[in-house]
Amino acid sequence: MLHFSIRMALLFVCCASFSLGKPLNVTATTAELGAIVREIGGSDVKVEVLAPSQSDPHFIDAKPSLILHLRKAHLLVTGGAGLEDAWLPPLVLKSRNKNIQKSARGYLEAADGIGLLEIPEAGTDRSHGDVHPYGNPHFMTTPENAKIFGRSLVDKLVDLSPGGQKTFEGNYKAYAEKLDQIQKDFEGSLQGASLLGFHKSYEYMAVFTGADIEGYLEPKPGIPPSPAHLSSLLPVIKNKGVRCILLQPYQREKSAKFLKDKTGVPYHYLSIFPEDGSRSFTSFLESNYKRLLQYANGEKK
Amino acid sequence: MRIYLLVTLLAGGLQAKEFFNPKISLSGLFSIAQFSGDETLNFGAHDPKSVGFNVQNVELTLAHAVDPYLLGEAHLITLVEDGETIFELEEAFFQTTALPLGLQVLGGHYFTRAGRFNAVHPHAWSFADQPIIHNRIYGGDGLRNPGVQLGWLVPAPFFWEITAGSQQATGETAVSFLGDEGGAPGAHHHGDGDEEEHAGEGIGGYPILEREVEGPRELMYHLRNAFSFDLSPSVTVLLGGDYLTGTNNKGDGFQTHIFSGDFFLKWKPVKNSLGYPFVKWQTEALWRKYEVLPDFYIDDFGYVSQVEYGFIERWVAGLRGEFAGFLRGEENLLREERARLSWNITFYPSEFSKIRLQHNFDSRLHESETLHSVFLQMEFNIGSHGAHTF
């Protein structure tokens, strides 16, 4: 009888270990996903991010050191929609961690439940460039998508760590309120503004703010800008009254500088999330939209 | 209503296709070759060997999840040699996805994961041809056989993996063991029935006597130890060592021992554009001790060191230095002291195609003239190929 009680007690302790104050190990592929997990998970999660925020998330090296971040994870959060397909699968396989395999409980794909833009039509193939096969994966830039993902994340965290339910729900409520405010402040705030992108990174932001992205410095996805293609953008900039060019930090400024020298159109880098968790997702999203408005309205050089 | 039903059925059908069909991809690797001498010194099965146009490798890959426990994949290759089409099973194996304690089993027919060159498929090579020392010790087709291996990710604060495996060691893909030898030039045959003619002479000029697998003693055994460290967010280093042993065909119970060491360094800045710029430096050294008479060994050794510099988006420049030598035993074209220097430049129009120009300077100890080889290589890929390992 005594032995049985001790065994049951031990079993209970093991199962409840997460809710007994041991944080959940969560590994996120990108810095913005990591930031959302931190904001909602609070002190009940310990977050590691695989892709440095200054790096192009399409071209991360599957370095062996990243396997160490996956080995002990209870939950793997990915963007999905093919964004990490070029580097994540061998890392997950080598981690030998049964919790985070694609079919396991500890695997969460943010793209699930998001209405993706630019789902390729039948007949799309690589002659169109390195098109994302499931739709545009750069969706974590609008309050609506961030809310949808936040909700899925809460459900997953509660599933893995039931004892933290009150914390997760409470954090989510505050998170959602901040996102609602961003929605109110910035939805439709750039109606009709014409912009240029480098890669298709800002489509969701454009739909949300009402801006129009008139063209891209990349002739096709994954192909670097060519002089011929850049020249073809010059009339577009003039005729559409493009207000500014938006770049990610890892994209070469040489091409944007060429267009600026020819037409005067400014180029700006939209800030990227720091992977160390020093800014919350919502505060960073808000400041990003503020900067976008300032760039598009010519208020910031 | 009918349209709605049709759309639902179609949508369900498309999903079903993705559920059942494996990821399929095909890569085609071709080249034009020219040599300054009468003979080529490229003995690799997938090297550009003929003056003129070559089909180096056409590889069909299928991969998919088998069930919650296993992944399966297969690589089927064809090439054309002297007008004859050859079909080969390159690899077909399963891998476990989530065994406890950091363990992983890989089994089936596979390239021995020794060093960092042997297991790389020709379309992913950094140079158009196989390194000299790998050709000599692992054979023109690489060391690949049926078997099983167990890998262990050691619970350390850095990457540390230990792998142990065993494979069948007969046939032309086990030249250092019981298999067909690389004893004479042109000895690499794709099952054209000429094995009997060459059965007499093997590596080092010693006669082939034994070929039977009677039990575990005649299998090949492999042990690998590998570490990796990030020296900085932009520099990663990988160090590995291998030991392979198995009986060879020179006599009953005669052993071959192979020692291999590899060093890999990659620099790629955190802020990179399409993965450029980068520098990769890879060095591997091998030593084979081959027992030909009781307790009498002949040795073959060599190294290859190559640097690739991706200097601007889509362009990579490469430089490779190699040396191969031997101690004791007969000397011939396949077994002489050789040094080779190669440079190449590769253009990748996209991630799915490449064009490469390469020039080899081949220096053989007993020849005063340097042999020049020039290759123009082309590769294309279609379908969904899995991500390459680091």
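How many bridges join β12(B) to strand β13 of chain B? In this predicted model, the count is 13, and the two strands run antiparallel. Strand β13 covers residues 315–327 of chain B. One pairing that can be picked out by eye is that of V304(B), whose bridge partner in β13(B) is E322(B). The connection between β12(B) and β13(B) is a hairpin with two residues between the strands. In that turn, R314(B) has a positive phi of about 80 degrees.

Strand β12(B) also has a partner on the other end of its sequence. Strand β11, residues 278–293 of chain B, pairs with β12, residues 296–312 of chain B, in the antiparallel sense over 15 bridges. Here Y290(B) stands opposite I298(B) of β12(B). Once again a hairpin makes the link, with two residues between β11(B) and β12(B). The turn holds D295(B), which has a positive phi of about 60 degrees. Following the chain from β11(B) to β12(B) and on to β13(B) is a friendly way to begin reading chain B.

Attention now turns to the nonpolar residues. In soluble globular proteins, nonpolar side chains tend to be buried together. The largest nonpolar core in the model has 59 residues, and V77(A), M140(A), F149(A), L153(A) and F281(A) touch the most other members. Helix α10 of chain A, residues 281–296, contributes the largest share of this core, with eight residues. The surroundings of F281(A) are worth a look in the viewer. Leaving aside residues up to four places away in sequence, F281(A) touches E32(A), A35(A), I36(A), E39(A), M140(A), A146(A), Y175(A), L179(A) and F273(A). A second core, separate from this one, has 17 residues, among them I60(A), L91(A), V92(A) and Y107(A).

Finally, where do the two chains meet? At the interface, 34 residues of chain A are in contact with 47 residues of chain B. Together the chains bury about 3300 Å², with 55% of that area on carbon and sulfur atoms. Charged and polar groups also take part: six salt bridges are found across the interface, along with 17 residue pairs in polar contact, both residues at pLDDT 80 or more. On the chain A side, helices α3 (64–71) and α4 (88–95) each supply at least two of the residues that touch chain B. Of the elements on this side, α3(A) gives the most, with five residues. One of the salt bridges links D230(B) to K63(A), whose closest N and O atoms are 3.8 Å apart.

Technical notes. Residues are numbered from 1 along each chain as its sequence is written. Chains are lettered from A and ligands numbered from 1 in the order in which they are written. This is a predicted model: local features need pLDDT of at least 70, side-chain atom pairs count only at pLDDT 80 or more; totals for chains, interfaces and linings use all residues. Side-chain values use heavy atoms; hydrogens and water are left out. Two strands pair if DSSP finds at least two bridges between them. Helices (H or I, at least four residues) and strands (E, at least two) are DSSP runs, numbered from the N terminus. A nonpolar core is a set of buried Ala, Val, Leu, Ile, Met, Phe, Trp, Tyr and Cys residues joined through side-chain atoms within 4.5 Å. Buried means under 20% relative accessible area, exposed over 50%, partly exposed in between (1.4 Å probe, protein chains only). Contact means heavy atoms within 4.5 Å. Buried area is the accessible area (1.4 Å probe) that two parts lose on being put together, summed over both. A salt bridge is a side-chain nitrogen of Lys or Arg within 4 Å of a carboxyl oxygen of Asp or Glu. A polar contact is a pair of N or O atoms within 3.5 Å; within protein, one must be able to donate a hydrogen and the other to accept it, and residues adjacent in sequence count only if both atoms are side-chain atoms.
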